[in-house]
Amino acid sequence: MSDAKQSVTGDTTDRTGEQPLLEVDGLTKHFPNDEGFLSWLQFRPDDSDGPVEIGREWVRAVEDVSFKIYEGETLGLVGESGCGKSTLARTILRLVEPTDGSVYFKGNDLAAMDSGTLRQQRRDVQMIFQDPQSSLDPRMKVGKIVEEPMQAHGMYDEEGRAARTHELLEKVGLDPQHYNRYPHAFSGGQRQRINLARALSVNPDFIVCDEPVSALDVSIQAQVLNTMNELQDEFNLTYLFIAHDLSVIRHISDRVAVMYLGQLVELAEKAELFENPQHPYTRALLESIPVPDPRVEGTRGVLEGDVPSPIQPPSGCRFRTRCPELIAPEKYDLTDEEWANIRQFTRSVKRHRFEATGANVIRAEFFGSTLPGGDAGRTVSRAIDLLVEDEWDEATELLNESFTEPSICAREEPSYEVPTEHGGGRHFAACHLHREEEQTH
Amino acid sequence: MATIDEPDSPTTQDAIDEMGDGEPAIEARVGWRYTLAQIRKDPTAMTGLFVIAVVGVLAAFATIDSILFEYLAQYQVFAQFGVEKYWIAKTVWMSPVSEPVGTPRLLPPVGFENQFGAGTWAHPLGTDDRGRDILLRIIYGSRIAVTVGLSATVVGFVSGTVVGAVSGYYGDWVDDALMRAAETLFAIPFLVLVLAFIAVFGRSLTFIVFGVGIASIPTFARLIRSRVVSIREEDYIEAARAAGVTDRNIIFRHVIPNSFTPVLVQATLQVGTAILIVAGLSFLGFGVQPPTPSWGQMLAVSRNYMIPNPWFSIWPGMAILITVVGFNIFGDGLRDALDPRFNN
Amino acid sequence: MTDPLLSVENLQTYFFTEDGVVQAVDGISFDVMPGELVGLVGESGAGKSVASTSILRLVEDPGRIVGGRVEFKGETLFEIETDDEGTPVENEDATPVETDESLSQQEMRRRIRGREIAIIFQDPMESLNPVYTVGGQLREFIEINRDLGKSAAKTAAIDMLREVGIPEAPARYSDYPHQFSGGMRQRVLIAMALACEPSLIIADEPTTALDVTVEGQILDLVADLQEKYGTAFVWVTHDMGVVAEICDRVNVMYLGEMVEQADVDDLFYDTKHPYTEALLESIPRPDRTVEELNPIAGVMPEAIDPPRGCRFHTRCPDAREACTRIDPDCRVVEDGYSPHRAACIKYDAFGNVGYDASPPLDNETRSGVDVTLTGDGGHQGGDDDE
């Protein structure tokens, strides 16, 4: 298992000889589920181990994430809400303390620094926030907002700071005359530009952008994205660009990492990831997104169910509970169709999606004329009997034990490198489907 | 038909927000000037402000009189002129402290009559059981009410703000420790707490001020903490941290200014409460000692003469009522002015 | 051709604020045919939400419908009386007068809202009461609107929950809204909207708050349900992807006015209005890599002080001097299977109004710095709390 523990490493370009600007290694963040005076004490009247339990429940927001970012590139990080991408950003910047792992910025571990050194280091690593409303102090004038980071790092004198602020406002496409306005006089797009100016004020090398355009209207979004691109070229900036919108990611990124439930599931160069996605979750995301073109064939909800709780994430591959391509346990000898039927049946039983009217009806509905042979078939018919007796929980348990748990997807955490079809970079996909084709490296 | 359109009206963001699908508004109605303008539009708040102003001026007058002239009286030169405490009052009228000679006791207010005679303009509100002018004693009594009310509130306000801001910003065990302490304080009834404080430290006015102030710390601390906890989550706090701004600067530059408004409102209301508490203490005999006038003590004395001389009780009671209501309605008006949700 | 199910004519909804009159919706017209899925598209501040709530007369103070007419199944929901020249008649309080055919608020409540026209809002959490169970709220709604008894309504409620794909419907019936995920809550609202089998559902950005995979599920569900029940939809959204995905016809709004109306394919492939064109140019694509985005210059002006003439002229790459003078209505510029309307005087349908002859306009498309502020810099309101 320890080899598989490598997880998806971000070393996917041919820039391997180069020193990465930022290297995230095994970064993990767990939050206590409840905060408060007595939160370590839990009452569970129904628990067999006794009604009182000592110890906290932990939300495993980010689990063992590793990747590298090279100078001048944009790494896009995409995932749905609650997948931990914002927590990851904040943990990288140590705005929240990491539970485990390291973040090497130019070779220095941010995660291990004392607070004084860290404060100094913040000059080189800046952040842009999602919400243009709440990211600017409503009681501060725009000029002062942009100057604050410079002031914190003792850069220039007062006049120098004001001069630089005027210059920066113009750089990000605002009127320097608005130096003395309060943030609320600006529109959302303009506020994001102020955010940009603030981040740039201390001349950083690396900017973490946490959904910087998702609160903006599309036409404004384009303006801000273009500005960010221009600034990147001009100041040789490196971006970690977080978004839930694949279109935006596709536009701005050089490489893309896909995150699901606290872990990276796939990482590759942009063209490779979009044209040759290798993880079922990435494929589902790409298929779900509505394309602004009525002639492109319909995108539909391809994933079922909801994201599981990060408090008790599924074992092995975290995506397996929703994965349309769950691998059959080796002990059964099933055809693809039989396995598909069993999966469909298991899922429907778990979600109580039908009424158990009779054994034959159920059999016909899910398996057509014949049940699969061997052990698998015997288990299925036992489950059907249980359903007829209205023992849904037992049936769910039985199916889970026999089909889900023995799958490699539930037993091992996946991490594989797969062959690249587009471009020269490396391609990582955390899916057991690729266990046989892994490249030796 | 193509038409020519001539709209001509001022621009603001409000309008867009009310359209529902504009950008959500932020709490951005900032600045003293704006707040004052809002208050000026609110007749109730203006009434409160007026009451506070009147009481404040009277109290200031009485305080200057009692402190300044007592100080001057120490010097020979001034002593020759007969300068002593309550000098103005004594020169113009009569002393609120000592028993005047020849003044009828329990004289009714102007326009009334009782067994001691009819009210005169010399004593518009009548005289007390020792023949002292009630109006004058109420004016001098405001001194205690206002100074103790204000300073006790300042004590509670400042300490509560710091405790709450630190507790809310750092969270975790700091929060636990401070808030549990505050809750312990909160669990003891206000009056009992103040009485215990006085019992331990003595009856001096200073200790009353600190007693009332400390007893109000939990109120302020909890209020500002709850604000800070939500402000802490705002992105601009995180932005400041990410930029490398020190915690101290974040607390004083961002956290406190943005959590301030509800506390300011609470402080205004708290002055009223403190005045009430101080009056209550005086009534019980724990406040300033006679003959120094205070409203609560006047009430206490007047109890024995209530029938058939009700005004003796009514005047100090009214003074307390009007002042406390004045602070309360001003506080309400201030809340409306500071909270954009109440604006239309 | 069949009669339209819903017909909106020259609808005007203004907001009367302290600072002036906001012309949130200023004279829009559109039709919805039975069983049709019509998109109402625009950016923030375009007035699309106000337009959709105006149809049900749910506009809240200080907003007021000041002109126009809404007809549903041949019945007038409301109409503002006009004089011979088409100007709305006002009574002595300067309030527009409704004609006698208009339904009263009570009739709207009793007969129309929920039963004939249902509405789904963007935030499902705000539409569900957190202290009652989801099933209870659905049951009550069905009880009131379908005149069913308590137990019959409960059965119907569970059936509806199952219909919209809630797993373990009987068990989830007694759960509270916070126990549902965002997507599941939106399904509940769809169940509620469908409960009385209305002929029209107005969906106000129903998938905007959802993740793409969940959004996909909901779009799927809506497509299936629409096929099954034949319900017509007015789908309010800002997402051109969703529009392309599900809409039959599209109405594009800009700053309170209708700028283009067309079949979805025509809108994307035979775009007529410069705004729609610019909007489509500015979106990044998920299916191909776009190197350089082409944003629309500037920001949308405010509806309290809209630009004279064509409201888009300040940001329009095709704007000419004539555009500052003439406010075009949305008229047919190309006849086809269904007419394609656009509000732009560069088309012949507007006659010779001097577009060709007038010089190009020097507007925001030609200046580098974004100088437009949203307001006077003074203050801003927070009236969005309700």
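This passage walks through the predicted model of a complex, from its confidence scores to its interfaces, a helix, the nonpolar cores and one loop residue.

Confidence is a good place to begin. For the complex, the predictor gives an ipTM of 0.82 and a pTM of 0.80. In chain C the average pLDDT is 83, and 92% of the residues score at least 70. Residues 374–386 of chain C call for a little more care when browsing the model, for their pLDDT is below 50. Even so, beyond near neighbours in sequence, this stretch has 41 contacts in the model.

Turning to the interfaces, chain A meets chain C through 49 residues of chain A and 48 residues of chain C. On the chain A side, at least two residues each come from helix H5 (188–200), helix H6 (218–235), helix H7 (246–252) and H9. The biggest contribution is that of H6(A), with seven residues. Sorted by class, this side of chain A holds 20 nonpolar, 18 polar and eleven charged residues.

Chain A also meets chain B, where 25 residues of chain A are in contact with 23 residues of chain B. Here the chain B side draws at least two residues from each of helix H7 (172–187), helix H11 (235–242) and helix H12 (247–284). H11(B) supplies the largest share, seven residues. The classes on this side of chain B are eleven nonpolar, four polar and eight charged residues.

Helix H8 of chain C, residues 212–229, deserves a closer look. Its 18 residues reach 25 Å from the first C-alpha to the last, close to the 26 Å expected at 1.5 Å a residue. The buried residues of H8(C) include the run C:Val212, C:Thr213, C:Val214, C:Glu215, C:Gly216, C:Gln217, C:Ile218 and C:Leu219. Further along, C:Val222 and C:Leu225 are buried as well. The cover over these buried residues includes elements of two chains: helix H9 (280–288) of chain A, and helix H7 (182–194) and helix H9 (240–246) of chain C. After H8(C) comes C:Gly230, with a positive phi near 65 degrees.

The nonpolar interior can be described next. The largest nonpolar core has 295 residues, and those touching the most other members are A:Leu240, B:Val278, C:Leu138, C:Ala191, C:Trp235 and C:Val259. Leaving aside neighbours within four places in sequence, A:Leu240 is in contact with A:Ile69, A:Leu75, A:Leu77, A:Ala89, A:Val208 and A:Cys209. Another core, of 13 residues, lies apart from the largest one, and its members include A:Ile362, A:Ala376, A:Ala383 and A:Leu387.

Chain A is divided into two domains: domain 1 covers 4–33 + 56–124 + 204–285, and domain 2 covers 336–406. Taken over C-alpha atoms, the centres of these domains of chain A are separated by 41 Å.

Finally, A:Ile327 sits in the loop between H9 and helix H10 (336–350) of chain A. Is this residue buried or exposed? With 17 other C-beta atoms within 10 Å, A:Ile327 falls short of the 20 needed for burial but has over 12, and therefore counts as partly exposed. Not counting residues up to four places away in sequence, A:Ile327 touches A:Ser407, A:Ile408, A:Cys409, A:His432 and A:Leu433. By contrast, A:Leu264 lies 63 residues from A:Ile327 along the chain, and their C-alpha atoms are separated by 20 Å.

Methods:
Residues numbered from 1 in each chain as written. Chains lettered and ligands numbered in written order. Predicted model: local features only at pLDDT ≥ 70, side-chain atom pairs only at ≥ 80, totals over all residues. pLDDT = per-residue confidence, 0-100. Contact = placed C-beta atoms within 7 Å. Helix = DSSP H or I, 4+ residues; strand = E, 2+ residues; numbered from the N terminus. Nonpolar A, V, L, I, M, F, W, Y, C, P; charged D, E, K, R; others polar. Expected span 1.5 Å × (residues − 1). Core = buried A, V, L, I, M, F, W, Y, C linked by C-beta atoms within 7 Å. Domains from an automatic or database assignment.
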